[in-house]
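Here are three short exercises to work through with the model open beside you. Try each task before reading its solution.

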Amino acid sequence: MSLKSTHLLPLRSSYQWLAIVLFLICSPLASISWGEVQGNKPDLCWTLDLTGYRWQMEGIRPGQGEIEGFYQHTSETASSTFNWNGAKVPGDVYTDLWRAGVIDDPHFGRNGMKAKWVMEYEWWYRTYFAIPQRLPGQHFRVVFDGVDYSCDVWVNGHYLGKHEGMGSQFAFDITDIVYSGPQASHNSLVVRLNPPPRMYNRVAGRKFAWQGDYWRTLVPMGIWQPVRVSASGAKSIADVYPQSQIHEDRSATVRLDISLAHHAQTSQRLKLRAKLKGANFDGPVYETEADVEGDRGQLVFHVPNARLWWPWDLGKPYLYQAEIVLVTDDGQVWDRVTTRLGIREIRMQRNPGYDENEVKYPWTMVINGKPIFLRSACWGGPPDIFYGRNSPEKYRRLIELARQANLNNLRIFGWHPTEIQLFYDLCDEYGITVWQDIIPIASVALPQDPAFRDATYAEAIAVLKRLRRHPCVVLLEGGEESFYGKEGLEYNARFLTGLGDAIRPYTNLPYVPTSPLNWPPIIHQLGLGGPKDSAHTHKLFYSIGAVLMEDDIPRWDYAVIPEFAISSCPNVESIERFIPRDEIWPPGPSWGYHWADLDVMRSLNLQVFGDERTRSLEEFVAATQIAQGTIFQFGIEHQRRRKPKSSAISICHFITYAPDFKWGIVDYFQTPKRSFDFVRRAYQPLLVSVQYNKRRWLPGEEFSGTLWIVNDFARDFGPCQLNVRITGADGSEWLRNSLAVGHIPASSSQAVGDVKCTVRGRIGESFRIEVEIMAADKSVLSKNYYDLLVGDQEKAREQCAEFSAHLRAIKERFLPADYYRFYPDLVGPNAADRIGDAPARASFSTATEGTE
C-alpha cells in the first residue's frame, strides 16, 4: 500500500500539514505484512514498524509536560511541537540531544559531567502512524520491546498506562481509540520518559547497574528497543516455547508450546497450523496442526535425521525456522509468527576430583551428549551504553571477533543489561553459547519488600520467555557478586533461591544463584555453594600487582572461574578519538575520568617487563596490552590444563560499552588490542601449552617447563609431532627439539613431555619459547609462544610487592573511585592556584624503570 492511497484529515493550517507530512513521508505502510488471504477472508494480522527517525523529542521539568498538554492530540499540539528535536527509536535521550547539538559528545573528555542536568528532566517522545482500514473483528495494540526505565504512554490523547522495567516487553490495546480510513494518517503516539532512577538498589533487576568501576556520571535512559503497532483477531500468539528431545536413531521430537493473548471475548474455534524447515540449510519441510484449548496450544513435529544445533567447536549450529498461524475454523488468519529454534539438549554433570562439601553444583555442561569446556569472556556490552549509537553492523562485527578469538561462550552478568534479540540471534548463528544472568542484579543489598520481590520476579519471567527460544542460551544465573556487602546477605540468599524457584516452571535450563560462590563464607553457611564452586580471580588487579601472577594463579583450584579481570589501555588511535589533544600524554584528568588506573597498569607493566614503560604514549599503551595478554594467557592455560576438574573460565571483559582504559580486549571502537591475540592463542580448541613456574630465569640457570596438549574438540587427533624452539633476544637459537605424540584423545588434557634449556643473555633481556603441533601431513594444528625474562625472580617478587605497597598507601588516602590521586596539580598544596592553567598531568615515578 502506498502513501497516495491513505486519506488525510482536513488540515487547518500549513504548519499542521507540514508536520504530518514530515512524519509520514517514507511511510512504513509499504512494509506491512498483510499475510495470505484464505478464500474470501483477508488476514486480520499485520505489523507496522515504528522504528527509525520518525520521532520528535522535548524535555521539560518533571510534571510540567502533562500540565502543558504534551500528550494532547489536537491540531494546535501538532503545530506547537513542530520545532521539537528530531529523535530516533530505538535510541536514547543523550544521543538524541547530542545529535541536536544540545549537549557535547558525553563520551569525549569529561563532557559527561556537563550533561548531568539531563537526568533532572522528563523527556517526551512523539510520532504518528496510519491505519488504512479496519476489518471486522480486528484488534490493535502498540507494543514496546523495551523502555529504559519508566514511562507513560498516550495514543490520540488517551492515557494508556505506565510501565517500569527496561527488560520486559509491554503492550497496550488501542482498538477503540485509533483512527482508520479517512483519518488513518493522524494517529499520535506519545511517550513520556520519567527522570531516571538515581539509586540502583531501588531498581536492581529491572535496570542494570550504571555505576561500578567502569562507568560514571550519566544514567542511561531511552526507548531502547523497537516499537510497533500490531493487528490481529480477538486472540494473538503471545509466546512460542520450543523444546526438543533427541532420540537414539538420530531423530528428534520438537514441541512448540504456544501461549495466546486474549483481546476480546470470542466463541470462535481456533487452530494452530505450523511449518518447520531449515533456516540455515536446505531440507524437508514438516507440517502439523493442533486445536487451541483455552489460551494454549501445542504443536509437535517428528524430525528424522535431525540437524542438531552445536557450539561451533563441537559441530555446526544448525537452525530451524517455525512458521505458526492462528486460524479460525472457517480459515481466517488471526495471527502469524515466525521464529527460529535449534534442536539441542543440555545436561550438567559433576566435575571429577571434588566432593560435595567443596563443590555443590555440577559444572560440566554436556550438549547433545558431548562435554564442553566453556572458553568464555564476559560480554561487557551493549556495544554502547548510549543505545542510539548501537547498530546491527556493530553487533555482527563484535560477534565475528568473538568467534575469531576462539570463544565458545559469552557471559552476560548482572552489571549489564539483558541484550537485544539481535545479539542472541547472532550467537545462535555463530554457535557461541551464552551464560546469562537472567536480570541485572549486581553487588547490592536487595530491598526486603514483597512488592519489590514480586515485580523483580515478574521481570525475570518476562525476560526469560523472550530468551528461551534461543539455543545459544545454555546457563542461567541469578545475581552477580551478591554477597560482597555486609548487609542483607541472608535476605539476598533467600531472594536468589526464590528467583530460581520462580523461573523453574518456564525453563529446564540449569540455574545457579550467584557468582562467585567461593567467598565470603556465609555463602557456604547458607548452603548456596561450596568454597571451590566458582571464583572471581581479580587479585592481581585489585591488589595493584602485590603478588606475581606466577605466585597467585597456580593456586587457583575452582570448578569454574566466571571472571578473571585485568585492564589495559585502548589503542593509540582510539585514545586520540575521545581524549582531548592537550591531555593525551602525559595523561590528563580525562584519562582518570575514563577509568585509567595508572597505578595498576604501571605495576603490571613492572611485573611483565621489569619496568613501568612510561617513556611515551606508544610504549605505555603497547605495554599495558601485552601485560594484559600475558596474564590472561597464563591464567587461561592454567585453568584449561586442569580439565576435566575445571570446566570453564571467563575473562573480564571482551568489550566495554564506553571508551575507557579498563577491561576489554576489544576497545570501544571495535578494534582488537594486542591482548586479543594472546587470548586467541590461549583459547585454541586444540591447544599446545607450556607450563612454567616463573617468568624470570638467571643467566646459566636451566629453564624447565612441562609440555601439555589440551583438546576441546569432540574428535581424536594423531599421530602428531610437537615442535619446540627457544630463541634469545638477538634471534639466536638456544634450542630446537621435536617430540612424537601418538594419540590426542577427544575432550582431553594431558602432559606429554618436558622442555629444558640453559638460559643465556643478560639481565633485562627476554627470550621466546615457540611450540606447535604438526599433523602427519605437515599441517600445523596448534601454535603458541611465550616471552620470558632473563632476570632474578626473587628480586622481582620483592620489588613488585614494595612498589604495590607504596601505591596502595597513596590510594588509601582517597576514595576508591577517585582518580585525583594521579594528578598532584589537582590535589597538591598549590592546586587552588591552578585556576585557568593548562590541564593537570599525571605524575609518573621512574624509580622502578630499567631496574632489570
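**Exercise 1.** In this predicted model, find out how far the buried Lys88 is from the nearest side chain of opposite charge, and decide what that says about a salt bridge.

*Solution.* Start with the charged neighbour: the nearest side chain of opposite charge belongs to Asp96, 7.8 Å away. A salt bridge needs a Lys or Arg side-chain nitrogen within 4 Å of a carboxyl oxygen, so Lys88 has none, although this residue is buried. Next, place Lys88 in the fold: strand E3, residues 85–89, contains this lysine. Now look for a polar partner: a polar atom of the Lys88 side chain lies 3.2 Å from the backbone oxygen of Pro90. Finally, list the contacts beyond four places in sequence: Lys88 touches Gly52, Tyr53, Asp96 and Arg99.

**Exercise 2.** Locate the largest nonpolar core and the helix that gives the largest share of it.

*Solution.* Begin with the core itself, which has 228 residues; Tyr125, Leu189, Phe654 and Phe703 have the most contacts inside it. Then turn to helix H8 (residues 489–503), whose eight residues make up the largest share. Another core, of 23 residues, lies apart from this one and includes Cys569 and Phe661.

**Exercise 3.** Trace the open sheet of five strands and name its edges.

*Solution.* Read the order as E30-E36-E35-E32-E33, with mixed pairing. The edges are E30 (696–697) and E33 (733–741), each paired on one side only. Next, follow E32 (residues 720–728), which runs antiparallel to E33 and is joined to that strand by eight bridges. Here Ile726 stands opposite Leu735 of E33. To link back to the core, note that Phe703 touches Ile726, among other residues.

Technical notes
Residues numbered from 1 in each chain as written. Predicted model: local features only at pLDDT ≥ 70, side-chain atom pairs only at ≥ 80, totals over all residues. Heavy atoms only, no water. Core = buried A, V, L, I, M, F, W, Y, C linked by side-chain atoms within 4.5 Å. Buried < 20%, exposed > 50% of the residue type's maximum accessible area, 1.4 Å probe, protein only. Helix = DSSP H or I, 4+ residues; strand = E, 2+ residues; numbered from the N terminus. Contact = heavy atoms within 4.5 Å. Lys, Arg positive; Asp, Glu negative; His and termini not counted. Polar contact = N/O pair within 3.5 Å; in protein donor to acceptor, adjacent residues only side chain to side chain. Pairing = 2+ DSSP bridges.
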